[in-house]
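Hi everyone, thanks for coming. Let's take a few minutes to walk through one structure together, and please have it open in front of you.

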Amino acid sequence: MNKWKIAFWCCLTLLVAVTVFSVYSIIDQGVTLTYQKEGYRDTENDLDQLIEIINKTDLTKKQIETELKDRKDFEFMDFKTDTISLNRVLLIFDNDRLEKITKQW
């Protein structure tokens, strides 16, 4: 009878450990997917903004500044330098004209 008690507690401990690990894995997957979705949303917003900039302006810094005024992070953008940072891309200017667009990372 002692062997049955030992086997029961071993199985119960193993079951609890597997259950806790499974719950942790599921919660971790949910958090990871949420952050990934936010990253994709930032990238899509940058892409939409770039499409508007390229289609609606003649690529001068002043016109691009006007287009970016309605962005939520406009107050953090520095238009005095030759580089303007969106969420994931950089707009690089030369003589107040858009020269190229690069990744921020």
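Before we start, one word we will need: a residue is called buried when its relative accessible area is under 20%. Keep in mind, too, that this is a predicted model. How confident is the predictor? The chain averages a pLDDT of 89, and 99% of the residues score at least 70. Confidence is highest in helix α1, residues 2–56, at a mean of 92, and lowest in helix α2, residues 61–67, at 86.

Let's begin with helix α1. With 55 residues at 1.5 Å a residue, α1 should span 81 Å, and its end C-alpha atoms are indeed 81 Å apart, so the two values agree. Which residues of α1 are buried? They are Gly39, Asp46, Gln49, Leu50 and Ile53. And what covers them? The cover includes α2, β2 and β3, the last of these being residues 97–103.

Let's pick one of those buried residues. Asp46 sits in helix α1, and it counts as buried because its relative accessible area is 1%. Leaving aside residues up to four places away in sequence, Asp46 touches Arg71, Leu86, Asn87, Arg88 and Val89.

Now for the core. As a general rule, nonpolar side chains in soluble globular proteins tend to be buried together. Here, the largest nonpolar core has 12 residues: Leu50, Ile53, Ile64, Leu68, Met77, Phe79, Ile84, Leu86, Val89, Leu91, Phe93 and Leu98. Two elements give two or more residues to this core, namely α1 and β2, residues 89–94. The largest share, 3 residues, comes from β2.

Phe93 is a nice core residue to zoom in on. You will find Phe93 in strand β2, and it is buried because its relative accessible area is 3%. Setting aside residues up to four places away in sequence, Phe93 touches Leu59, Thr60, Lys61, Ile64, Asp82, Ile84, Leu98 and Glu99. Take Thr60 from that list: Phe93 and Thr60 are 33 residues apart in sequence, yet their C-alpha atoms are 8.5 Å apart in space. Leu98 is another core member. With the same sequence limit of four places, the contacts of Leu98 are Leu59, Ile64, Leu91, Ile92 and Phe93.

Next, the aromatic rings. How many aromatic pairs turn up in the whole structure? The search finds 2. One is Phe8 with Trp9, an edge-to-face pair with 5.2 Å between the centres and 75° between the planes. Phe8 is partly exposed, at 48% relative accessibility, while Trp9 is exposed, at 52%. In the other pair, the rings of Phe74 and Phe79 have centres 5.5 Å apart and planes at 40°, so this pair is tilted. Phe74 is partly exposed at 21%, whereas Phe79 is buried at 13%.

Last stop: the cysteines. How many disulfides does the structure hold? It holds 0. Why is there no bond at Cys10? The closest cysteine sulfur, in Cys11, is 6.9 Å from the sulfur of Cys10, which is too far for a bond; a disulfide needs the two sulfur atoms within 2.5 Å. Cys11 itself is exposed, with a relative accessible area of 54%.

That's my tour, and I'm happy to take questions.

Technical notes. Residues are numbered from 1 along each chain as its sequence is written. This is a predicted model: local features need pLDDT of at least 70, side-chain atom pairs count only at pLDDT 80 or more; totals for chains, interfaces and linings use all residues. Side-chain values use heavy atoms; hydrogens and water are left out. Rings of Phe, Tyr and Trp (its six-membered ring) pair if their centres lie within 6.5 Å; planes under 30 degrees apart count as stacked, over 60 as edge-to-face and the rest as tilted. Buried means under 20% relative accessible area, exposed over 50%, partly exposed in between (1.4 Å probe, protein chains only). pLDDT is the predictor's confidence in each residue, from 0 to 100. Helices (H or I, at least four residues) and strands (E, at least two) are DSSP runs, numbered from the N terminus. Contact means heavy atoms within 4.5 Å. A nonpolar core is a set of buried Ala, Val, Leu, Ile, Met, Phe, Trp, Tyr and Cys residues joined through side-chain atoms within 4.5 Å. The expected span of a helix is 1.5 Å times one less than its number of residues.
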